[in-house]
Amino acid sequence: MHSSAPLVVMDYVGPAVGAVVFVLVMSLVNEPARRTFNAILVAGASGAYLSGGFGPWELLYPAIASPVAYLGLRSYRFIGLAWLMHSCWDIMHHLWGNPIWPFMATSSFGCMIFDALIAVWFLAGAPSIFALEQGGHSVSCV
């Protein structure tokens, strides 16, 4: 185990702001394209750490995450679960593996924050923020 880089306030704030922007942008995408796109996005994210410090063990995470992402084609809850799984992999990389961005030692920690926050939105059914603002509810395909 190597020592992790010290964290500063922006290591928390930056990813949180990024998650808010992500939710706002995704709220503009109509259904069912929003769910389909995000299932594909989380599936692709499962390969982000290949060659990331755990050797052959890096293949384990995509093998486990891919079926969950596939189930996300029909359910936002599975997309949320897949992002939570990815968040756990992020923290493992922050503590023991290589950061996702080699030039930024705390990047995996930031990804953990970002992924966990958007997971909450997906677990809530990924409602359009703009529909909620107008007092209506978007159709949630969960």
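Let's start with Glu31, which counts as partly exposed because its relative accessibility is 25%. Please keep in mind that we are looking at a predicted model.

What does the side chain of Glu31 meet? Its partner is the side chain of Arg34, and the two form a salt bridge with an N to O distance of 3.4 Å. If salt bridges are new to you, here is the idea: side chains of opposite charge can pair when their charged atoms come close. How many salt bridges does a search of the whole structure find? The search turns up one.

Now let's stay with Arg34. You can find Arg34 in helix H2, which covers residues 33–45. Is Arg34 buried or exposed? Arg34 is buried, because its relative accessible area is 3%, and the cut-off for buried is under 20%.

So what is around Arg34? A polar atom of the Arg34 side chain sits 3.0 Å from the backbone oxygen of Val29. If we leave aside neighbours within four places in sequence, Arg34 is in contact with Met26, Ser27 and Val29, and also with Tyr76, Trp121, Ala126, Pro127 and Ser128.

Next, please turn to helix H1, residues 10–27, where we find Met10. Met10 counts as exposed, because its relative accessibility is 54% and the cut-off for exposed is over 50%. Met10 also belongs to a nonpolar surface patch of about 790 Å². Its other members are Leu7, Val8, Val9, Tyr12, Val13, Val17, Val21 and Val25.

Let's move along to helix H4, residues 76–95, which holds Leu84. With 32% relative accessibility, Leu84 counts as partly exposed. Which residues does Leu84 touch, leaving aside its neighbours within four places in sequence? They are Ala116, Ala119 and Leu123. For a sense of distance, look at Phe22 as well: 62 residues separate Leu84 and Phe22 along the chain, and their C-alpha atoms are 16 Å apart.

Finally, a word on the cysteines. How many disulfides does the structure hold? The count is zero. Take Cys88: the nearest cysteine sulfur belongs to Cys111, and that sulfur is 14 Å away. A disulfide needs two cysteine sulfur atoms within 2.5 Å, so that distance does not qualify. Cys111 is likewise in no disulfide, with the sulfur of Cys88 as its nearest cysteine sulfur. As for its surroundings, Cys111 counts as buried because its relative accessible area is 18%.

To come back to where we began, the picture to take home is Glu31 and Arg34 meeting in a salt bridge, with Glu31 partly exposed and Arg34 buried. Thanks for listening!

Key: Residues are numbered from 1 along each chain as its sequence is written. This is a predicted model: local features need pLDDT of at least 70, side-chain atom pairs count only at pLDDT 80 or more; totals for chains, interfaces and linings use all residues. Side-chain values use heavy atoms; hydrogens and water are left out. Helices (H or I, at least four residues) and strands (E, at least two) are DSSP runs, numbered from the N terminus. Buried means under 20% relative accessible area, exposed over 50%, partly exposed in between (1.4 Å probe, protein chains only). A polar contact is a pair of N or O atoms within 3.5 Å; within protein, one must be able to donate a hydrogen and the other to accept it, and residues adjacent in sequence count only if both atoms are side-chain atoms. Contact means heavy atoms within 4.5 Å. Patches are made of residues with over 30% relative accessible area and no salt bridge: like charges are joined within 9 Å, nonpolar side chains (Val, Leu, Ile, Met, Phe, Trp, Tyr) within 5 Å. Accessible areas come from the Shrake-Rupley method with a 1.4 Å probe; for residues, only the protein chains shown count as cover. A salt bridge is a side-chain nitrogen of Lys or Arg within 4 Å of a carboxyl oxygen of Asp or Glu.
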